[in-house]
Amino acid sequence: MVFFELFANNPNIVHVDAGKALFNEGEDGHLMYVLTTGTADIIVNNHVVETLQHGNIVGEMGIVSPGPRSASVRAKTDCQFVAIDEKRFLYLVQQTPFFATQVMRVLAERLRALNQIVAPRQVA
């Protein structure tokens with residue numbers, strides 16, 4: 001099963017017009033999202049750090065540890081996202097271990113990418 005197919009029949013669809021924000025840095029975060037249509041940018045301190053495409057997740061930190069959002073997400077094109085609340089997240093983790101592994105991979109990859117951005121440059 002392809003990762004995003006887990007969400008194909010989810011009724012919690014959020015439409016975001018091009019140029020509009022799904023959420024903003026600093027806002028309370030308690031949902032994660034799966035991008036099903038369009039492209040969107042993850043923005044930290046006014047810098048695009050990643051571009052999301054079909055099947056990508058975002059907001060995973062907010063579902064794992066609710067609190068202020070560490071980034072903003074802005075639609076580059078008209079987008080549709082599936083909203084995942086804590087109840088559905090826990091169900092997916094219990095019923096589909098692959099889902100939990102994928103979320104952990106995304107967290108690790110984003111942390112590595114951020115480390116590369118903020119790491120001091122080595123001088124030879």
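Biologist: How do the axes of α2 and α3 cross, roughly parallel or roughly perpendicular?
Modeller: This is a predicted model. In it, the two axes come within 5 Å and cross at roughly 115 degrees. Angles from 65 to 115 degrees count as roughly perpendicular. That makes the arrangement of α2 and α3 roughly perpendicular.

Biologist: Which residues of α3 make the contact with α2?
Modeller: Two sets of residues meet here. From α2 come Phe89, Leu92, Val93 and Gln95. Their partners in α3 are Pro97, Phe99, Ala100 and Val103.

Biologist: Where do these helices fall in the order of elements?
Modeller: The protein has three helices and 10 strands. Its order from the N terminus begins with β-β-β-β-β-β-β, and then comes α. Next comes β-β-β, and the run ends with α-α. Helix α2 spans residues 86-95 and helix α3 spans 97-118, which places them in that final α-α.

Biologist: How many aromatic pairs does a search of the whole structure find, and what kind is Tyr33 with Phe81?
Modeller: The search finds three aromatic pairs. The ring centres of Tyr33 and Phe81 are 6.2 Å apart, and their planes stand at 80 degrees. Planes over 60 degrees apart count as edge-to-face. The pair Tyr33 and Phe81 is therefore edge-to-face.

Biologist: How many residues apart in the chain are Tyr33 and Phe81?
Modeller: Tyr33 belongs to strand β4, residues 32-37. Phe81 belongs to strand β10, residues 79-84. The pair links distant parts of the chain, 48 residues apart.

Biologist: Are Tyr33 and Phe81 buried or exposed?
Modeller: Buried means under 20% relative accessible area. Tyr33 has 8%, and Phe81 has 0%. So Tyr33 counts as buried, and Phe81 likewise counts as buried.

Biologist: What kind of pair do Phe89 and Phe99 form?
Modeller: Phe89 is in α2 and Phe99 is in α3, so their pair ties together parts 10 residues apart in sequence. Both of these residues are buried. Their ring centres lie 5.6 Å apart with planes at 70 degrees, so the pair is edge-to-face.

Biologist: Which residue has its charged end over the ring of Phe23?
Modeller: Start with the ring itself. Ring pairs link Phe23 with Tyr33 and Phe81 in a cluster. The charged end over the Phe23 ring sits 3.9 Å from its centre and belongs to Arg69.

Biologist: Which element gives the largest share of the largest nonpolar core?
Modeller: In soluble globular proteins, nonpolar side chains tend to be buried together. Here the largest nonpolar core has 15 residues, with Tyr33 and Phe81 among those with the most contacts inside it. Elements giving two or more residues to this core are β2, β4, β5, β9 and β10. The largest share, three residues, comes from β10.

Biologist: How many residues does the other core have?
Modeller: It lies apart from the largest core. Among its members are Val82, Ile84, Phe99 and Val106. Its number of residues is 11.

Biologist: Which residues in the loop between β5 and β6 have a positive phi although they are not glycine?
Modeller: Most residues other than glycine have a negative phi. In the loop between β5 and β6, Asn45 has a phi of about 50 degrees, and Asn46 has one near 65 degrees. Asn45 is exposed at 54% relative accessible area, and Asn46 is exposed at 75%. The residues asked for are Asn45 and Asn46.

Technical notes. Residues are numbered from 1 along each chain as its sequence is written. Side-chain values use heavy atoms; hydrogens and water are left out. Rings of Phe, Tyr and Trp (its six-membered ring) pair if their centres lie within 6.5 Å; planes under 30 degrees apart count as stacked, over 60 as edge-to-face and the rest as tilted. Helices (H or I, at least four residues) and strands (E, at least two) are DSSP runs, numbered from the N terminus. Buried means under 20% relative accessible area, exposed over 50%, partly exposed in between (1.4 Å probe, protein chains only). A charge sits over a ring if NZ of Lys or CZ of Arg is within 6 Å of the ring centre and within 35 degrees of the ring normal. A nonpolar core is a set of buried Ala, Val, Leu, Ile, Met, Phe, Trp, Tyr and Cys residues joined through side-chain atoms within 4.5 Å. Axes are lines fitted to C-alpha atoms, for helices over the stretch in contact, and angles run from 0 to 180 degrees between N-to-C directions. Angles under 35 degrees count as roughly parallel, over 145 as roughly antiparallel, 65 to 115 as roughly perpendicular and the rest as oblique. Contact means heavy atoms within 4.5 Å.
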